[in-house]
Amino acid sequence: MSIEASLTYQKKFFNDFTDAWHKKSRYRLYQGLDATAENLRLDIEETPGYILAYDKTAQAELHDFLQIGLIDFLRQHIPFFEVNDQGTVYFGNWYHRREFGHINVILRAITQSADEQRRILPQLESFSDDPDHYLDRQLDAMRKEVYRDVDSLHTQIDNLEAENAPERGQATQGNSGFRGLLKNFIDPSDDDQASPSQPSGDASRLKAQFDKEKLTADDIFDKRKRELEVSAAITRYEFQAVMGTYSSVAEFENILANLKDDFMQSLKLEGGRTHA
Amino acid sequence: MLNLNDAHLAALITKPLTVAQARQQIGTAYQQEADRLANSPLWESNDEALTALLASYTNLLGNKLYQALQNLTSIPTPFLQTLWLQDTTADAHHSEIAVIQTTQDDNNTLLTIVDPLSDDAKLKAVNLPTLLQITAADSNAMTYDAETVKALSALAKALNQGGYRFTTVDETVLQPVNGLSFKTRFDNLKPLVAKKAVIKAGDFSIGTSLDKDAKVLGYQVLDEDGHDWQDLGSEEVKNDRFEWASTTVPQELVNHRLKLIIRVSAGSNSPALDELFVIASNNAILMRQGAKAGVYELPLPNQKIFTVMINPANNMVYLKYPDPETQIIELNHQYPFIGEWLKAVLPQKRAFN
């Protein structure tokens, strides 16, 4: 581009941008940002700075003006999102509602910076796969994890008993397994259950350890069970809100992915009405 | 010891009164007479006479309440025919009226009206349906048949209309949901946690939103090895959001996940509320935040809103329901999750209290 052409382009651009600002046309302001990003291969978030000579006050003024529009749009577009005036997006209005993210005015998107926020959609997908068993599956997995050591001790005790079994001959069925072992060390003098002293000592040690770990595991299980229940209840509310508005979680995700396009389309229509 | 020559008192005796009228008018008449004696040097320290005076008026009130109840169409006549009232007076300031149901075998005290002539009179359940009975899996847990339960419910409502109320939530389910309150425990020190990976050295910030009524007691910024980097930056609380930011995050933390742990004192951290939240969610009932902090609303399918309010300052939970007369037993019949919740958090469950 010649100098002349370049200056003409810049002059026209700034005239257009000024006019857009005077007419409070968010659509044309965003168009200006988009065109600048594309032509100068700038990151879109750097364009307000470039256009406004890196003046912080001017950038803040533009940001605040554009923010009002995006917040208004978002509140209508996704009705179950609660967006505060600072642009924080909350999922719903219920007890324990979660922060979904924060709007990025220039990108025209909701950004999720925290892990907790980024977990929301995967949880919704998982809930949507099987709403009736979502919590049960988590509880089962948690139970396995929490009781892993306890179960392993139980197995060790069973194995120890199995080793001793031949020496006891045909142990009665009622005394098989763990219960038989318990009886074994509680009452080692019992002739019928007589077994070498070494396994009996191992058994007491294992049993004591088992009891201790079981108590701890029970405590952890109860506490985490409540956490999972609350967490599942939150996801259930979110799921119900999504399904009350959209046909599926996938459709909701699609809406989120198209937020910028839908927003621009809405601004365009709004502009058309204003200038009609 | 009633002055039957007093035309006003004589009129009270013959005229049919409602429960509220009986309580108010006999209460006033008694108070006038008691004040007169209390201000008399001759009578003021005569406890026996003052006790007799209270006994007479309590007896009169008992008789008038009996009359009022017998005239009520809301209570089935066969049930009314089994009722009788017994008054007792302990001293110059304390009396009671017991409402008793007679059966073939014995007398079953249903409830007592404690200090019925005083402004702070209250009902005390003796043998009335309880939460444990109505929520029990065993259908024999309830000792009354359905008809009797209905009659008892109407009896309690009639007494409520006179301003007589039960004072503890767990004594009977025959009391209005609206206005119930009970103590609960708050997990005031529940930590809030946010995690975020450090992508580059230098600027870094991590934050999380706080409940409106939350107070930050302290926080840590831990790396994966548990080292606290709090001193590298500073915190800011703005618009219900806690944010820690640093401009000097070192290279060694790149690709580490920093964990922000905030200890807050927040009213909403209550096991009893969590319990309600889980139960409501299981029953597809929304538990939404009310306009004010600490107020939660549950819109019921009957278009009415069941409201739960908490006050962490005194560890209390307050319940509200738009129909002032609807009793726990009635709401539970319509929406069993209410009873399920109350049973879980009452009476005096350790996890909740």
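A hairpin of five residues connects strand E1 to strand E2 in chain B, in a model that is predicted. E1 (residues 83-89) and E2 (residues 95-102) of chain B run antiparallel and are joined by seven bridges. The prediction carries an ipTM of 0.72 and a pTM of 0.75. For chain B the mean pLDDT is 91, with 95% of its residues at 70 or more.

**Hairpins of E1, E2 and E3 in chain B**

- Within the pairing of E1 and E2, B:Leu85 lies opposite B:Val99 of E2(B).
- E2(B) also pairs with strand E3 (residues 107-114) of chain B, again through seven bridges and in the antiparallel sense.
- The connection from E2(B) to E3(B) is a hairpin of four residues.
- One bridge of this second pairing sets B:Ala98 against B:Thr112 in E3(B).
- In a regular strand, side chains point alternately to the two faces of the sheet.

**The five-stranded sheet of chain B**

- Chain B contains an open sheet of five strands in the order E5-E15-E14-E13-E12, with antiparallel pairing.
- Strands E5 (181-183) and E12 (288-289) of chain B are the edge strands; each has a single partner strand, so one side of each has no neighbour in the sheet.
- Strands E13 (residues 295-299) and E14 (residues 305-311) of chain B are antiparallel and share five bridges.
- In this pairing, B:Val295 has B:Met309 of E14(B) as its bridge partner.
- The loop between E14 and strand E15 (316-320) of chain B holds B:Asn314.
- B:Asn314 counts as exposed because it has 8 C-beta neighbours inside 10 Å, where 12 or fewer is the criterion.
- B:Asn314 is separated from B:His8 by 306 residues in sequence and by 46 Å in space, C-alpha to C-alpha.

**Domains and composition**

- Chain B comprises domain 1 (7-161), domain 2 (181-185 + 269-345) and domain 3 (191-265).
- The centres of domain 2 and domain 3 of chain B, taken over C-alpha atoms, are 34 Å apart.
- Chain A comprises domain 1 (3-118 + 246-274) and domain 2 (134-242).
- Between these two domains of chain A, nine residues of domain 1 are in contact with six residues of domain 2.
- On the side of domain 1 of chain A that touches domain 2 of chain A, six residues are nonpolar, two polar and one charged.
- Chain A has twelve helices and four strands.
- Chain A has 276 residues, of which 24% count as buried.
- Among contacts in chain A with a separation of 6 or more, 52% link residues 24 or more positions apart.

**Interface between chains A and B**

- The interface brings 17 residues of chain B into contact with 18 residues of chain A.
- On the side of chain B that touches chain A, strand E6 (191-197), strand E7 (202-209), helix H7 (271-282) and E12 of chain B each give two or more residues.
- H7(B) makes the most of this contribution, giving five residues.
- By class, this side of chain B has seven nonpolar, five polar and five charged residues.

**Nonpolar cores**

- The largest nonpolar core has 81 residues, and those touching the most other members are B:Ile26, B:Tyr57, B:Leu61, B:Leu276, B:Phe277 and B:Met287.
- Helix H3 (residues 47-70) of chain B supplies the largest share of this core, with nine residues.
- A second, separate core of 19 residues has among its members A:Leu29, A:Leu70, A:Phe81 and A:Phe263.
- Leaving aside residues up to four places away in sequence, B:Leu61 touches B:Ala22, B:Arg23, B:Ile26, B:Ile97, B:Pro116 and B:Leu117.
- In soluble globular proteins, nonpolar side chains tend to be buried together.

**Positive phi outside glycine**

- A:Ala53 is not a glycine, yet its phi is positive, at about 55 degrees.
- A:Ala53 is located in the loop between helix H3 (47-51) and helix H4 (56-77) of chain A.
- With 8 other C-beta atoms within 10 Å, A:Ala53 is exposed.
- B:Ala284, likewise a residue other than glycine, has a positive phi near 55 degrees.
- B:Ala284 sits in the loop between H7 and E12 of chain B.
- B:Ala284 is exposed, as 11 other C-beta atoms lie within 10 Å.

Conventions:
Residues numbered from 1 in each chain as written. Chains lettered and ligands numbered in written order. Predicted model: local features only at pLDDT ≥ 70, side-chain atom pairs only at ≥ 80, totals over all residues. Pairing = 2+ DSSP bridges. Contact = placed C-beta atoms within 7 Å. Nonpolar A, V, L, I, M, F, W, Y, C, P; charged D, E, K, R; others polar. pLDDT = per-residue confidence, 0-100. Domains from an automatic or database assignment. Buried ≥ 20, exposed ≤ 12 C-beta atoms within 10 Å, placed from the backbone. Core = buried A, V, L, I, M, F, W, Y, C linked by C-beta atoms within 7 Å.
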